[in-house]
Amino acid sequence: MAEIIQEDKHKGGKKKPKKHSTAIDMTPMVDLMCLLITFFMLTTAFSKPKVMEIVLPEKIKKNEKVEPPKIADSRTLNIIVGPNDKVYWYPGKPDPAALVPLQETNFSATGIRQVLLDRNRALFKKIEQFQQDVISGKLNIKQDSLQSAIRQLKKDDDTGPIVLIKFYKKARYKNFVDIIDEMSIVGIARYIVTDINWIEEGMVEHALGMPATSSPTAKK
Amino acid sequence: MPKIKIPHKSPHVDMTPMVDLFSLLLTFFMLTATMRPAEPAKVDVPFSVSEKKTPDANIMTVTIASDNRVFFNVDNGPDTILHFRPKILEEMGKRYNIVFTPEELRYFEKNSAPFGVNIKDFKAYLAAKDSKERDRFQKGIPIDSTDNQMALWVLFSRQVNPTVSALIKGDGSVEYPLVKKVLDILQDKNVNRFSLITSLEKVEVVDAKDAKK
């Protein structure tokens, strides 16, 4: 009622609407938003972790007899991952009578990668050339068929080394990933993760300057 | 001397641009958010050059923490209608003569965090009120040959969901024998293809022969 009376009072004169400020107090809103942003920023997993695939050979069942595959000694390269980021390698087959000295190297770009690259240069160059051709447009194939084409290149290769990867018991998981990673960097077509044998364990211990603990009988 | 009049300024600041920016950021984060699952232990994964992304669904993850505890997790995507997780837990319970109530199964389905709990403690683990209490049970899944619960988890996961693929998330400092043990357990259950979770690293190959030229 009171309002109507007031309006009546102003009748006749110029109508003057009450001026409201357009600014709203936004502080609570900003507070809330700050909180929400912080929450979402902390809980968001930005980049998804990547995965590296490995395939291990099927285990031989106890009462199954399988002939070990015959591979040429000249193409075999043994890599033993040791403790403290050390890598040892030697070519051929372990022979307790005539021990080949282990070569020590590391995981740097000039370490084991050069050793592998030296043996795998032909295939590495082929893959690199192939990828270059695809990028420059000389070869017109799709991205997903590129992968299978490279796989085919690797399959056809018969010059590269056959790498046997072994782990000394003090090796770390980091190096396990590193060495398999190294295989994909250099493009090794054939590699396998196998168990270390007692001769090689002794060789590593000798290289580390430790008294040899392993013998054929100690092996389980 | 006349007094100098200090101009009276309003303490109010115009917050509109700030609000604009904030709402933009908020929308962005809300839309891109994929919740990071709670990790029971910190794991520093090693680096590799692989650019393959982790699959979203049908995965079982074996986590190896730096203190040699082993965790396990099955995940078949957030919007599954097949209810794999409770089925796996039910099978596990049957083997150890533990009956899980429907509530416990539902709770296990909803909270898909990696667990490192002995199956005998599982009821208490599921009943735990907060994460602190839950962490007390996270002693790692037994993997010795006398009580190899990890092998059973893998077995039942594969029975319930045959398409499941194995992921291994290991800390870089874990020693190889433990990794080998985990790989052996998986291989015993006929899993020969593994994906190792790594973070991306750029590597350049410098051929010593080329460099000399």
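This text walks through a predicted model of two chains, A and B. Chain A comes first, then chain B, then the contact between them.

Start with chain A. Its secondary structure comes to 6 helices and 6 strands. From the N terminus on, the elements run α-α-β-β-β-β-α-α-β-α-β-α. The chain has 220 residues, and 24% of them count as buried. Look also at how the contacts are spread along the sequence. Among contacts in chain A with a separation of 6 or more, 65% link residues 24 or more positions apart.

Now find the sheet of chain A. It is an open sheet of 5 strands, in the order 4-3-2-5-6, and the pairing is mixed. The edges are strand 4 (103–105) and strand 6 (190–193) of chain A, each of which pairs on one side only. On average, neighbouring strands of this sheet are turned by 25° against each other, direction ignored.

Take the edge at strand 4 of chain A. Strand 3 of chain A pairs with strand 4 of chain A in the antiparallel sense, over 3 bridges. To locate this pairing, pick out A:V87, whose bridge partner in strand 4 of chain A is A:T105.

A helix lies across part of this sheet. Helix 5 of chain A, residues 173–186, lies across strand 2, strand 5 (162–167) and strand 6 of chain A. The helix runs at about 155° to strand 2 of chain A.

One loop of chain A deserves a stop. Strand 2 (76–81) and strand 3 (87–91) of chain A are joined by a loop that holds A:D85. Most residues other than glycine have a negative phi. A:D85 is not a glycine, yet its phi is positive, at about 60°. Is A:D85 buried, exposed or partly exposed? The residue counts as partly exposed, because it has 15 C-beta neighbours inside 10 Å.

Turn to chain B. Here there are 8 helices and 6 strands. Read along the sequence, the pattern is α-β-β-β-β-α-α-α-α-α-β-α-β-α. Chain B has 213 residues, of which 30% count as buried. Residues 24 or more positions apart account for 69% of the contacts in chain B with a separation of 6 or more.

Strand 6 of chain B is a good place to begin. Strand 1 of chain B, residues 47–48, pairs with strand 6 of chain B in the parallel sense over 2 bridges. In this pairing, B:F47 has B:S199 in strand 6 of chain B as its bridge partner. Strand 5 of chain B also runs parallel to strand 6 of chain B, and 3 bridges join them. There, B:I168 stands opposite B:L196 in strand 6 of chain B. Follow the chain from strand 5 of chain B through helix 7 of chain B to strand 6 of chain B: this β-α-β crossover is right-handed.

Chain B also has a loop residue to check. B:N97 lies between helix 2 (84–95) and helix 3 (102–110) of chain B, in the loop. Its phi is positive, at about 55°, although B:N97 is not a glycine. B:N97 has 6 other C-beta atoms within 10 Å, so it counts as exposed.

Now bring the chains together. How many residues of each chain are in contact with the other? The contact involves 51 residues of chain B and 41 residues of chain A. On the chain B side, the elements that give two or more residues are helix 1 (16–32), strand 2 (52–53), strand 5 (165–170), helix 7 (176–188) and strand 6 (193–200). Helix 1 of chain B gives the most, with 9 residues. By class, this side of chain B has 27 nonpolar, 15 polar and 9 charged residues.

Strand pairing crosses between the chains too. Strand 1 of chain A, residues 50–55, and strand 6 of chain B pair in the antiparallel sense over 6 bridges. Two residue pairs help to trace this pairing. A:K50 has B:T198 as its bridge partner in strand 6 of chain B. A:E53 stands opposite B:S195 in strand 6 of chain B. Strand 6 of chain B thus appears in several pairings: with strand 1 of chain B, with strand 5 of chain B and with strand 1 of chain A.

Methods. Residues numbered from 1 in each chain as written. Chains lettered and ligands numbered in written order. Predicted model: local features only at pLDDT ≥ 70, side-chain atom pairs only at ≥ 80, totals over all residues. Helix = DSSP H or I, 4+ residues; strand = E, 2+ residues; numbered from the N terminus. Buried ≥ 20, exposed ≤ 12 C-beta atoms within 10 Å, placed from the backbone. Contact = placed C-beta atoms within 7 Å. Nonpolar A, V, L, I, M, F, W, Y, C, P; charged D, E, K, R; others polar. Pairing = 2+ DSSP bridges. Axes fitted to C-alpha atoms, helices over the stretch in contact; angles between N-to-C directions. Right-handed = clockwise from strand over helix to strand, strands pointing away.
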